[in-house]
Amino acid sequence: MGQFARADTGEVVEPKTLRTERLVVNMGPQHPSTHGVFRMVITLDGETIVRLEPVMGYLHRNHEKIGERNMYLQNMPYTDRLDYICSMSNNLGYAIAVEKLLGIKPPERAEYLRVIMAEFTRIVNHLWAIGFLLNDLGAFFTPALYAIEERELILDLFEEASGSRMMCNYMRFGGVAHDVSDDWIARARELVYNRLPRAIEELDRYLTHNELIKARCQGVGVLPPDLAVAYSTAGPVLRASGIPYDVRRAEPYSIYDRFDFDVAVRYNGDVYDRYLIRIDEMWQSLRILRQALDQIPKGEIQAGKKQYMIRVPAGQAYGRVENPKGELGFYLVSDGSPNPYRYHIRAPSFINLTALNEMCKGHKVADVVVILGSIDIVLGEVDR
């Protein structure tokens, strides 16, 4: 640092070096954005983050060991409780894994219904993620309420189709639990063609060039592409770092190979691009939904008879889907008995959290909650 002159006397003064000590502090589990079940151990030099360790385990519910006790079908409603914002697509990943072991394929109508539910779920999740990212930025609840209003309209459709708004328990091995009416399809089309495009455009118009969002998000929490890959991140976190990887394209499941859509990708890897990628992905989900709703055929929704106690042939399978938060995988080992011998889940919220230290190093304490919010985690999936 150079010399400076005192304003009152003009005397030249040598500046003193500010001495700081490293301090280790806890953020959470009492912090409102950690929901009482997650904490971060932060090493600070002044207000600058030197190291951050995410600490999980406060909500551990033994999901996988319970899954080895349950019969295969009994596990379906348990998958709802993983990422409880995305129960429909959780169901789908588990159903695909079991269907690989059973060697069965759902009927055409069931495949279309699965895709429709999964893409509506992606929009539900991203509306929620954007609304609460703004909450974490200090725009307390107003943007979140606008996003939640649109989410509720989709949950109306989920409730009519499955009987539940959040814990849908809708998928079945070889199909889905219930069919939908022509009126349901008509109302879904109204949402997809009219209401949701206006809502997403409104969020984009009011938020994307907002001064608060740009100041707090651009250049913050940068995750370079090489580190995004090294940490096995997935979903919007990975694609916002410039890696155009999407399971729907890399290994198409269900009938995704029939639909025309683009893999959304951004290249700065910061909080701002993780926000933008979710806007982009909602537009792509609308493209898929329009095609699926226009093309859905009549017919059966279940392959064979409904089976409540099934014996799965011995073997192993990995079923994976592109969930809204990233690749969700179910690994199953069957010994031929009515319940899985081994049951393991690749949870994107848990894996994406491992890169939090890299995103936060060099930033200030005030940036931590914003960076955490941009990852978009659900603790039910982290502490499964």
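# Reading helix packing and salt bridges

Author: Helix α11 passes helix α14 in a left-handed crossing. The model before us is a predicted one, and this pair of helices offers a suitable place to begin.

Reader: At what angle do α11 and α14 pack, and how far apart are their axes?

Author: Helix α11 covers residues 271-295 and helix α14 covers residues 365-375; their axes lie 9 Å apart, and the packing angle is about 30°. Angles under 35 degrees count as roughly parallel. The two helices, α11 and α14, are therefore roughly parallel to each other.

Reader: Are α5 and α6 roughly parallel or roughly antiparallel?

Author: One reads the angle again, and over 145 degrees counts as roughly antiparallel. The axes of α5 and α6 (residues 182-207) cross at roughly 165° and come within 11 Å. Helices α5 and α6 are therefore roughly antiparallel to each other. Here, too, the crossing is left-handed, as α5 passes α6.

Reader: Which salt bridge does R187 form with a residue of helix α5?

Author: The general idea is that side chains of opposite charge can pair when their charged atoms come close. In this structure, R187 forms a salt bridge with E160, and the closest N and O atoms are 2.4 Å apart. Since R187 belongs to helix α6 and E160 to helix α5, the pair ties together parts that are 27 residues apart in sequence. R187 is partly exposed, at 32% relative accessible area, and E160 is partly exposed at 43%.

Reader: Which residue of helix α6 also forms a salt bridge with R187?

Author: That residue is D183, with the closest N and O atoms 3.0 Å apart. Both D183 and R187 lie in helix α6, four residues apart, which is about one turn of the helix. D183 has 46% relative accessibility and so counts as partly exposed.

Reader: How many salt bridges does the whole structure contain?

Author: A search of the whole structure finds 34. One of them joins the side chains of R165 and E159, at 2.8 Å from N to O. Salt bridges may also form a network, as they do among E119, R122, R239, D246, R248, E281 and E322.

Reader: Which residues form a nonpolar patch on the surface?

Author: They are F140, F141 and L145, which together have about 340 Å² of accessible area. F140 lies in the loop between α4 (108-137) and α5 (142-162). A residue counts as exposed over 50% relative accessible area, and F140, at 65%, is therefore exposed.

Notes:
Residues are numbered from 1 along each chain as its sequence is written. This is a predicted model: local features need pLDDT of at least 70, side-chain atom pairs count only at pLDDT 80 or more; totals for chains, interfaces and linings use all residues. Side-chain values use heavy atoms; hydrogens and water are left out. Patches are made of residues with over 30% relative accessible area and no salt bridge: like charges are joined within 9 Å, nonpolar side chains (Val, Leu, Ile, Met, Phe, Trp, Tyr) within 5 Å. Accessible areas come from the Shrake-Rupley method with a 1.4 Å probe; for residues, only the protein chains shown count as cover. A salt bridge is a side-chain nitrogen of Lys or Arg within 4 Å of a carboxyl oxygen of Asp or Glu. Buried means under 20% relative accessible area, exposed over 50%, partly exposed in between (1.4 Å probe, protein chains only). Axes are lines fitted to C-alpha atoms, for helices over the stretch in contact, and angles run from 0 to 180 degrees between N-to-C directions. Angles under 35 degrees count as roughly parallel, over 145 as roughly antiparallel, 65 to 115 as roughly perpendicular and the rest as oblique. A crossing is left-handed if the near helix is turned anticlockwise from the far one by less than a right angle, and right-handed if clockwise.
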